[in-house]
Amino acid sequence: MKYPKEVVLTNCTEVSIRPLQPEDEGRLRAFYEEVPEIDRWYMRFDVRDPEVIRAWARGGQDVFSIVAECGDRIIAHARLHTHRYGCYHHQGRLRIIVLPDFRQKRLGSWMLLDLIRYAMEKGLREVRADFVVGVEDAAIESARKLDFFKKALLEDFVIGPDGALHDLLIMTKQLHKDWGDF
Amino acid sequence: MGSFPQNEILLATPEGGELRIRSFCTPEQIRQLNFDRQFGTHAHYRSLYTRRESLEKIAATPDASVVLAIADGKHIVGFGVLAYPDPEERWAQLGPLLMEVNAIEVSRPWRARRIGQAIVRMMMVHPLIEEKIVYFVGYSWTWDLDGNRLSAQQYRRMMEKLFEPFGFQEYETNEPNLCLKPENIFMARIGARVSAEDQNRFKWLRFGMTP
């Protein structure tokens, strides 16, 4: 995979996509400070914890991160979490966060496409993404357009900040490995 | 049809025969050759050109270069087509600035002999090459994965390796057909004499925008 990748959003904004580097730590922290509290609530990790950000910025064998930049500002962060061993080693889990001003402009789709290509290069068989129904519906639609299908719906599985329960939709996309798949 | 000089590479085959890779083949020359039967319909694959007449027709269009791999002086075993895009396509919007590697194919029994590389090389000796943006669109559903025993990802990598030595690089685009599959690939080579303004026009075109 060659970086940076230049993309143009639907509002003509030019954006560059590249892997996250250790020196991005401060800017990644600033990025998550801009992410609305309601979005942070539904994340699997506490992104206000400097150790979480530091670990992502440093990278590692089990997580691959890319960021989208507009000028010097990080406006989106996408991760692919993988396992080297065990029953999940064939699978990667995706997570994409885009700042509100840059949503609905296809940036999430570009980052999703990039991580899918990376997963294919890594030889994964499947990628998974979890979405909170009613909160992340636009992301669900983007995933559908890239051939993600519903794997399971966990009803009333996650809880909102107001105490309301939401369904969690698990979607997966099969990555073709053998010529016979086609 | 342009009046460009023909170029030719002569390769020896392991069987003791000869293989000529010739650029700017004319319709008359193509008509005198046999088209390999493998350029047809297979179980999971259909050749990009199944009739010799289609190559004759495109060879007659302005500036086009039909490159043929010709075995023993009479048998077409591979071809490459560099031509202007179909007027209906997005890529035609920039007029003669853009040319497309419309097809490249080597007959199944003749593969893995670097014939594809020689065909690309001959397409790139076009006299106008440095004034053009030459692009290549790879749709995974047109690839002979079955015949090559490759996954789409491996085939994609093969295409990258085939074109990169000639100055092509991958570019992002929102062209809907390309976006249908992550395996699909769009590569382009920007000629040395293409202005910054034209490079910008190409960028906006890739994303279907008018700034």
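The paragraphs below go through a predicted model of a complex, covering confidence, the contact between chain B and chain A, and then some residues inside each chain.

The predictor assigns the complex an ipTM of 0.75 and a pTM of 0.84. For chain B the mean pLDDT is 91, and 98% of the residues of chain B reach 70 or more. Among the elements of chain B, the lowest mean pLDDT, 75, belongs to strand β4 (residues 41-42), and the highest, 97, to strand β11 (residues 185-190).

The next topic is the contact between the chains. Chain B contributes 28 residues and chain A contributes 24 residues. Together the two chains bury about 2300 Å², of which 58% is on carbon and sulfur atoms. On the side of chain B, the residues that lose the most area to chain A are B:Q153, B:E172 and B:P182, which together account for 26% of what that side buries.

Charged side chains take part in this contact. There are seven salt bridges between chain B and chain A, and five residue pairs are in polar contact, both residues being at pLDDT 80 or more. Three elements of chain B, α4 (145-148), α5 (152-163) and α7 (196-206), give two or more residues to the side that touches chain A. The largest share, four residues, is from α5(B). By residue type, that side of chain B divides into 10 nonpolar, seven polar and 11 charged residues.

One of the salt bridges joins the side chains of B:E170 and A:R117, with an N to O distance of 3.6 Å. Both residues also belong to a network of salt bridges, whose members are A:K5, A:D114, A:R117, B:R156, B:E160, B:E170 and B:E172. B:E172, a member of this network, is also one of the residues of chain B that lose the most area to chain A.

Helix α7 of chain B can be followed from the contact into the chain. Its buried residues are B:D198, B:F202, B:K203, B:W204, B:L205 and B:R206. What do the buried residues of α7(B) pack against? In chain A they pack against β1 (5-8) and β2 (14-19), and in chain B against β8 (98-106), β9 (133-138) and β11. Just after α7(B), B:G208 has a positive phi of about 65 degrees.

Salt bridges also occur within the chains. Over all chains, a search of the whole structure finds 41 of them. In general, side chains of opposite charge can pair when their charged atoms come close. In chain A, the side chains of A:D39 and A:R103 form a salt bridge at 2.5 Å, N to O. A:D39 is in helix α2 (residues 37-41) and A:R103 is in the loop between β5 (91-98) and α4, so this pair ties together parts that are 64 residues apart in sequence. With a relative accessible area of 17%, A:D39 is buried because the cut-off for buried is under 20%. A:R103, at 29%, is partly exposed.

A second pair in chain A is A:D130 with A:R93, whose side chains meet in a salt bridge at 2.8 Å, N to O. This pair links distant parts of the chain, with A:D130 in strand β6 and A:R93 in strand β5, 37 residues apart. A:D130 is buried at 10% relative accessibility, whereas A:R93 is partly exposed at 24%. The side chain of A:D130 makes a further polar contact, at 3.2 Å, with the side chain of A:R44. Beyond its neighbours within four places in sequence, A:D130 is in contact with A:R44, A:R93, A:R95, A:E136, A:L168, A:L169 and A:I170.

In chain B, B:D144 forms a salt bridge with B:R111, and the closest N and O atoms are 2.8 Å apart. B:D144 lies in the loop between β9 and α4 and B:R111 in the loop between β8 and α3 (115-123), so the pair ties together parts that are 33 residues apart in sequence. B:D144 is buried, at 1% relative accessibility.

The last residue is A:A119, in helix α4 (residues 107-121) of chain A. Is A:A119 buried or exposed? At 0% relative accessibility, A:A119 is buried. Outside its neighbours within four places in sequence, A:A119 is in contact with A:L80, A:L124, A:V127 and A:L175. The C-alpha atoms of A:A119 and A:T82 are 9.2 Å apart in space, while the two residues are 37 residues apart in sequence.

How values were computed:
Residues are numbered from 1 along each chain as its sequence is written. Chains are lettered from A and ligands numbered from 1 in the order in which they are written. Side-chain values use heavy atoms; hydrogens and water are left out. Contact means heavy atoms within 4.5 Å. Buried area is the accessible area (1.4 Å probe) that two parts lose on being put together, summed over both. A salt bridge is a side-chain nitrogen of Lys or Arg within 4 Å of a carboxyl oxygen of Asp or Glu. A polar contact is a pair of N or O atoms within 3.5 Å; within protein, one must be able to donate a hydrogen and the other to accept it, and residues adjacent in sequence count only if both atoms are side-chain atoms. Ala, Val, Leu, Ile, Met, Phe, Trp, Tyr, Cys and Pro count as nonpolar, Asp, Glu, Lys and Arg as charged, and the others, Gly among them, as polar. Buried means under 20% relative accessible area, exposed over 50%, partly exposed in between (1.4 Å probe, protein chains only). pLDDT is the predictor's confidence in each residue, from 0 to 100.
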